[in-house]
Amino acid sequence: MAVTTCKAPLLRLLRALTVPLPASVPYPGVDEFAVRRGRTYAMILVDTNTHHPIDVLADRTAHTSAAWLREHPGVRNVSRDRAGSFRDVARAGAPQARQVAEAWHLPHNLAEAVERVVGRHRAELREPLTVRADQDDTRPPADTLPTVLGELDVHGHPRPVVARTRERYQQIHERIERGDSLRAIARELLIRRGTVLRFARATNAEQLGAARPIMCGAG
């Protein structure tokens with residue numbers, strides 16, 4: 001708009017706007033977010049039909065969230081995280097509503113459970129599969145498969161996260177050899193100092209995958 005200004009006046013104008021709230025929100029979704037990670041958290045409510053934000057609460061306490069739900073008696077379904085605190089909020093604020101798990105958490109939790117099971121049975125999964133005479137063995141030769149179990153996903157495909165772990169391991173150890181501090185490495189690579197320390201203590205990248213099974217993320 002070719003107007004010379006700064007962010008403070010624009011924020012004041014935005015905050016002064018009146019945002020109309022829907023009269024009825026039968027299918028809200030509830031989740032928390034960090035205003036300042038590790039210190040200040042708030043709660044956001046979204047209309048799961050339109051995927052538009054409905055309201056933002058000042059904190060994530062059960063009292064505040066339950067009070068908001070009580071002020072909207074038309075709630076029929078509450079989409080939430082699987083944490084027990086969200087269950088208690090929905091029970092207190094909308095006891096008549098049915099509670100459903102967020103779609104994102106279902107495959108995410110399933111992937112975590114599968115990874116834990118695979119991690120507990122590493123030794124058994126290293127054993128070669130036996131093929132009957134009437135079966136065609138279409139698997140690639142053994143010497144072309146990754147040698148570390150953690151390099152395969154549940155479908156037997158190479159995992160991109162393994163390549164990223166090896167690349168990060170090399171980056172960190174190269175900087176350690178040239179004398180950089182852990183704090184400087186963390187600042188340069190935009191990762192936590194604890195992560196740098198964990199990579200620094202490992203003797204090789206494979207040790208990182210064996211000590212801690214890598215979980216599937218969801219974006």
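## Helices H7 and H8

In this predicted model, helix H7 (182–189) and helix H8 (193–201) have axes that come within 9 Å and cross at roughly 115°. The two helices, H7 and H8, are therefore roughly perpendicular to each other, and H7 passes H8 in a right-handed crossing. On the side of H7 the contact is made by Leu182, Arg183, Ile185 and Ala186, which meet Arg193, Val196, Leu197 and Ala200 of H8. Sorted by class, the residues joining H7 with H8 are six nonpolar, no polar and two charged.

The loop between H7 and H8 holds Arg192, a residue that is exposed, with a relative accessible area of 55%. Not counting residues up to four places away in sequence, Arg192 touches Arg37 and Ala186. From C-alpha to C-alpha, Arg192 and Leu182 are 9.5 Å apart in space, while in sequence they are 10 residues apart.

## Helix H6 against H8

Helix H8 also packs with helix H6 (residues 160–177), and here the axes come within 9 Å and cross at roughly 85°. The pair H6 and H8 is therefore roughly perpendicular. From H6 the contact draws on Thr165, Arg168, Tyr169, Ile172, His173 and Ile176, and from H8 on Val196, Phe199 and Ala200. The residues of this contact of H6 with H8 divide into six nonpolar, two polar and one charged.

Two residues of H8, Val196 and Ala200, are listed in the contact with H7 and again in the contact with H6.

## Helices H2 and H3

Earlier in the sequence, helix H2 (residues 62–70) and helix H3 (residues 84–93) pack at an angle of about 40°, with their axes 8 Å apart. That angle makes H2 oblique to H3, and H2 passes H3 in a right-handed crossing. The residues that meet are Ala62, Ser65, Ala66, Leu69 and Arg70 in H2 and Val89, Ala90, Ala92 and Gly93 in H3. By class, this contact of H2 with H3 has six nonpolar, two polar and one charged residues.

## The nonpolar cores

The largest nonpolar core has 15 residues, of which Val30, Leu45, Trp68, Leu69, Val75 and Val78 touch the most other members. Strand E2 (40–47), strand E3 (52–57), H2 and H3 each supply at least two residues of this core, and the largest share, three residues, comes from H3. Leu69, named among these core residues, also takes part in the contact of H2 with H3.

Val75 can be followed further: leaving aside its neighbours within four places in sequence, Val75 is in contact with Val25, Pro26, Pro28, Leu69, Ala94, Gln96 and Ala97. Apart from the largest core lies another core, of 11 residues, including Ile185, Val196, Phe199 and Ala202. Of these, Ile185 and Val196 belong to the contact of H7 with H8, and Val196 and Phe199 to the contact of H6 with H8.

## The chain as a whole

The protein chain contains nine helices and five strands, and read along the sequence these elements follow the pattern α-β-β-β-α-β-α-β-α-α-α-α-α-α. Of the 219 residues of the protein chain, 25% count as buried. Among contacts between residues at least 6 apart in sequence, 39% join residues at least 24 apart.

Terms used:
Residues are numbered from 1 along each chain as its sequence is written. This is a predicted model: local features need pLDDT of at least 70, side-chain atom pairs count only at pLDDT 80 or more; totals for chains, interfaces and linings use all residues. Side-chain values use heavy atoms; hydrogens and water are left out. Axes are lines fitted to C-alpha atoms, for helices over the stretch in contact, and angles run from 0 to 180 degrees between N-to-C directions. Helices (H or I, at least four residues) and strands (E, at least two) are DSSP runs, numbered from the N terminus. Angles under 35 degrees count as roughly parallel, over 145 as roughly antiparallel, 65 to 115 as roughly perpendicular and the rest as oblique. A crossing is left-handed if the near helix is turned anticlockwise from the far one by less than a right angle, and right-handed if clockwise. Contact means heavy atoms within 4.5 Å. Ala, Val, Leu, Ile, Met, Phe, Trp, Tyr, Cys and Pro count as nonpolar, Asp, Glu, Lys and Arg as charged, and the others, Gly among them, as polar. A nonpolar core is a set of buried Ala, Val, Leu, Ile, Met, Phe, Trp, Tyr and Cys residues joined through side-chain atoms within 4.5 Å. Buried means under 20% relative accessible area, exposed over 50%, partly exposed in between (1.4 Å probe, protein chains only).
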